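Please work through the exercises below with the sequence and the coordinates open beside you. Each task is followed by a solution that goes step by step.

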Amino acid sequence: MSFNDAFKAISDPSRRRILSLLKKGDLTAGEIASHFDMQKPSVSHHLKLLKQADLVHDERRGQHIYYSLNTTVFQELLSWFYDILEKDGERNEK
């Protein structure tokens, strides 16, 4: 996982919305697309970038591919943020 890829992926409002949808549970690309006013290829492009950043996983179940959040990456990002804040707090105390 690259932090650069993750930050690039979450920089787009549509991708953040996809992540919010997946927070509620696994969805197919079609189910995700139903929440947007964009063509399915555009939704697929956003999903591809989220997968490349390892923010979502996909799994084939029968004829459908379901997308789900990869919370491990979010935990790594939060840990990194926490480390930055903690170090900044230490400097402010000195």
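The exercises that follow concern a predicted model, and they deal with aromatic rings, charged side chains, buried positions and one backbone angle.

**Exercise 1. Classify the ring pair of Phe3 and Phe7, and place it in its surroundings.**

Solution. Begin with the total, which is 5 aromatic pairs in the structure. For Phe3 and Phe7, the ring centres are 6.3 Å apart and the planes meet at 65°; since a pair requires centres within 6.5 Å and an edge-to-face label requires planes over 60 degrees apart, this pair is edge-to-face. Next, consider the sequence: Phe3 and Phe7 both belong to helix α1 (residues 3-10), and because they are 4 residues apart there, about one helical turn separates them. Then turn to accessibility, where Phe3, at 26%, is partly exposed, and Phe7, with a relative accessible area of 29%, is partly exposed as well. Finally, look beyond the pair, since Phe3 and Phe7 form one aromatic cluster together with Trp80 and Phe81.

**Exercise 2. Find which salt bridges Arg61 takes part in, and state which ring lies under its charged end.**

Solution. Start from the count of salt bridges, which comes to 3. One of them joins Arg61 to Asp26, with 2.6 Å between the closest N and O atoms. This pair links distant parts of the chain, given that Arg61 is in strand β2 (residues 56-61) while Asp26 is in the loop between α2 and β1 (27-28), 35 residues apart. Another joins the side chains of Glu59 and Arg61, at 3.8 Å from N to O, a distance that qualifies because the cut-off is 4 Å. Taken together, Asp26, Glu59 and Arg61 are linked in a network of salt bridges. As for accessibility, Arg61 is partly exposed at 35%, Asp26 is partly exposed at 36%, and Glu59 is partly exposed at 45%. The last step concerns the ring: the charged end of Arg61 sits over that of Tyr66, 4.4 Å from the ring centre. A further case of a charge over a ring is found at Arg17, whose charged end sits over the ring of Phe36 at 4.6 Å from its centre.

**Exercise 3. Describe the salt bridge between Lys51 and Asp58, and decide whether its partners are buried, partly exposed or exposed.**

Solution. First take the distance, which is 2.8 Å between the closest N and O atoms of Lys51 and Asp58. Then take the relative accessibility of each partner: Lys51 has 34% and counts as partly exposed, and Asp58 likewise has 34% and counts as partly exposed.

**Exercise 4. Explain why the buried Arg15 has no salt bridge, and identify its polar contact with another side chain.**

Solution. Locate the residue first: Arg15 lies in helix α2 (residues 13-23). Arg15 is buried, and the nearest side chain of opposite charge, that of Asp12, is 4.3 Å away; because a salt bridge requires a distance within 4 Å, Asp12 and Arg15 do not form one. A polar contact of 3.0 Å does, however, join the side chains of Arg15 and His46. Now examine this partner: His46 lies in helix α4 (residues 40-52) and is buried at 10% relative accessibility. Compare the surroundings last, leaving out residues up to four places away in sequence: Arg15 is in contact with Lys8, Ala9, His46, Leu49 and Leu50, while His46 touches Asp12, Ser14, Arg15, Ile18 and Met38.

**Exercise 5. Determine whether Leu19 is buried or exposed, and list what it touches.**

Solution. The position of Leu19 is in helix α2, and its relative accessibility of 8% makes it buried. Setting aside residues up to four places away in sequence, Leu19 touches Ile10, Leu50, Leu55, Val56, Leu69 and Phe74.

**Exercise 6. State what is notable about the phi angle of Asp54, and where the residue is found.**

Solution. Recall first that most residues other than glycine have a negative phi. Asp54, by contrast, has a phi near 65°, a positive value in a residue other than glycine. Asp54 is found in the loop between α4 and β2, and it is partly exposed, with a relative accessible area of 28%.

Methods
Residues are numbered from 1 along each chain as its sequence is written. This is a predicted model: local features need pLDDT of at least 70, side-chain atom pairs count only at pLDDT 80 or more; totals for chains, interfaces and linings use all residues. Side-chain values use heavy atoms; hydrogens and water are left out. Rings of Phe, Tyr and Trp (its six-membered ring) pair if their centres lie within 6.5 Å; planes under 30 degrees apart count as stacked, over 60 as edge-to-face and the rest as tilted. Helices (H or I, at least four residues) and strands (E, at least two) are DSSP runs, numbered from the N terminus. Buried means under 20% relative accessible area, exposed over 50%, partly exposed in between (1.4 Å probe, protein chains only). A charge sits over a ring if NZ of Lys or CZ of Arg is within 6 Å of the ring centre and within 35 degrees of the ring normal. Lys and Arg count as positive and Asp and Glu as negative; His and the chain ends are not counted. A polar contact is a pair of N or O atoms within 3.5 Å; within protein, one must be able to donate a hydrogen and the other to accept it, and residues adjacent in sequence count only if both atoms are side-chain atoms. Contact means heavy atoms within 4.5 Å.
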